[in-house]
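Subject: Structure handover

Hello,

Here is the structure I said I would pass on. Please keep it open while you read the notes below.

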Amino acid sequence: MKCLGQVERCADITQEKFYNDVFQKQPVVMPGKIAHWRALQTWNPDFFRSRYGGVAVWLSRYDPASPRSFLQQNIDYDFREASFAEYVDQLSAPNGCYSIRESIGLLKANPELLDDLDHFRPFGYSKEPADDQFMALWFAPKGGVTGLHIDVGENLLFHLHGHKHVLIFAPDQTRLLYEEDLQQLAEPGLADRIDADTLEMWRSYVRWSKVNAFNPDFKRFPRLEGAAYLDAVIAPGDALYIPCGWWHAVRSLDITISVSKSLFRDEFLRAPDPADPAGRSTTWELRP
Ligand SMILES: O=C(O)CCC(=O)C(=O)O
């Protein structure tokens, strides 16, 4: 695999520059763009243990050392429900490799958390998590990996705690990345083991790769050797834009906390106008 360099970093990005030079063209790290969010000071594992310790969270596990792919491990693994307090307590354990991946429920059920995110300013304004807005919490132990995938939609990853290493592959690399066949998700028995919302999200909004981009196995996946990627390390206060159709894999270098959100075109970097939340419904379709 070839590293093409670092994802461009642009601290002083404006809405005009974003739409002219970046949007749907390339990923970008916007360092410090959310440095004013209170979550940067307050969100850490203990904060969630003390405030939300009794809340049930769904944990998922991906072992990047296993030959089984990210999708197969997601399918096979019985999702484990734990209290947030139990989760935080096992985070620092030597083999603590559970992640809270893409939890939509916690932010929906506890909208006061959005105050800590300044309601996503300057990336929009969201008084409360509206149904048409995708936003999710990510929590991972040191070494936790999110396997290589694409999400349908223009994605913003807001990073709040710890550091993450991100590998990003352009859409033209797809033929080198051994995409999974989604037929695996049609198996009828799955509906008994995996909750309906998660299954629907996997079937309709995610495309999966079989490869482990952080530890590539060129014997099994020889085309992967020719794949080229961009590299980034993100720190608290950074916002990372990942365009629709770009593959990404993420490894946590410490215990990490992030929030992701779909980019809604009319809101981005716009002066907030709480009285006029219009223009929220722009979404993008992506299917192979
Ligand atoms: O932070 C992570 O572990 C993964 C984030 C991600 O894949 C996403 O926001 O789409």
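Which strand gives the most to the shell around the ligand? S7 does, with three residues. Before the rest, two points on the source: this is a predicted model, in which local features need pLDDT of at least 70 and side-chain atom pairs count only at pLDDT 80 or more, while totals for chains, interfaces and linings use all residues. Residues are numbered from 1 along each chain as its sequence is written, and side-chain values use heavy atoms, with hydrogens and water left out.

The ligand

The space that the ligand takes is the largest cavity. A cavity here is a set of points, on a 1 Å grid over the protein atoms alone, where a 1.4 Å probe fits but cannot get out. A molecule sits in one if more than half of its atoms lie within 2 Å of its grid points. Two or more residues of the shell come from each of strand S7 (145-151), strand S8 (155-161) and strand S13 (247-252). Strands (E, at least two residues) and helices (H or I, at least four) are DSSP runs, numbered from the N terminus.

The residues around the ligand, meaning those with a heavy atom within 4 Å of it, include Trp 138, Asp 151, Asn 155, Leu 157, His 248, Val 250 and Ser 260. Also among them are Thr 146, His 149 and Lys 164, and these have polar contacts to describe. A polar contact is a pair of N or O atoms within 3.5 Å; within protein, one must be able to donate a hydrogen and the other to accept it, and residues adjacent in sequence count only if both atoms are side-chain atoms. A ligand oxygen is 2.6 Å from a side-chain N or O atom of Thr 146. For the side chain of His 149, the distance from a ligand oxygen to an N or O atom is 3.1 Å. For the side chain of Lys 164, that distance is 2.6 Å. Taken alone, the ligand exposes 300 Å², and the protein buries 97% of that; areas come from the Shrake-Rupley method with a 1.4 Å probe, and for residues only the protein chains shown count as cover.

Helix H3

In helix H3 (residues 45-52), the buried residues are Pro 45, Phe 47, Phe 48 and Tyr 52. Buried means under 20% relative accessible area, exposed over 50%, and partly exposed in between (1.4 Å probe, protein chains only). Seen down the axis of H3, these residues fall within an arc of 160 degrees, so they line one face of the helix. The arc is taken from the directions from the helix axis to the C-beta atoms. At the start of H3, a side-chain oxygen of Asn 44 comes to within 3.0 Å of the backbone nitrogen of Asp 46.

Loops

The loop between helix H7 (113-116) and strand S6 (135-140) holds Pro 122, which is joined to Arg 121 by a cis peptide bond with omega about 0 degrees. His 119 is found in the loop between H7 and S6. His 119 has a positive phi of about 50 degrees although it is not a glycine, and it is buried at 11% relative accessible area.

Asp 238 lies in the loop between strand S11 (228-234) and strand S12 (239-242). The side chain of Asp 238 reaches the backbone nitrogen of Ala 235 at 2.9 Å.

Regards

Note on methods:
On a 1 Å grid over the protein atoms alone, a cavity is a set of points where a 1.4 Å probe fits but cannot get out, and a pocket is an open set with protein on both sides within 12 Å along at least five of seven lines; lining residues have an atom within 4 Å of a point.
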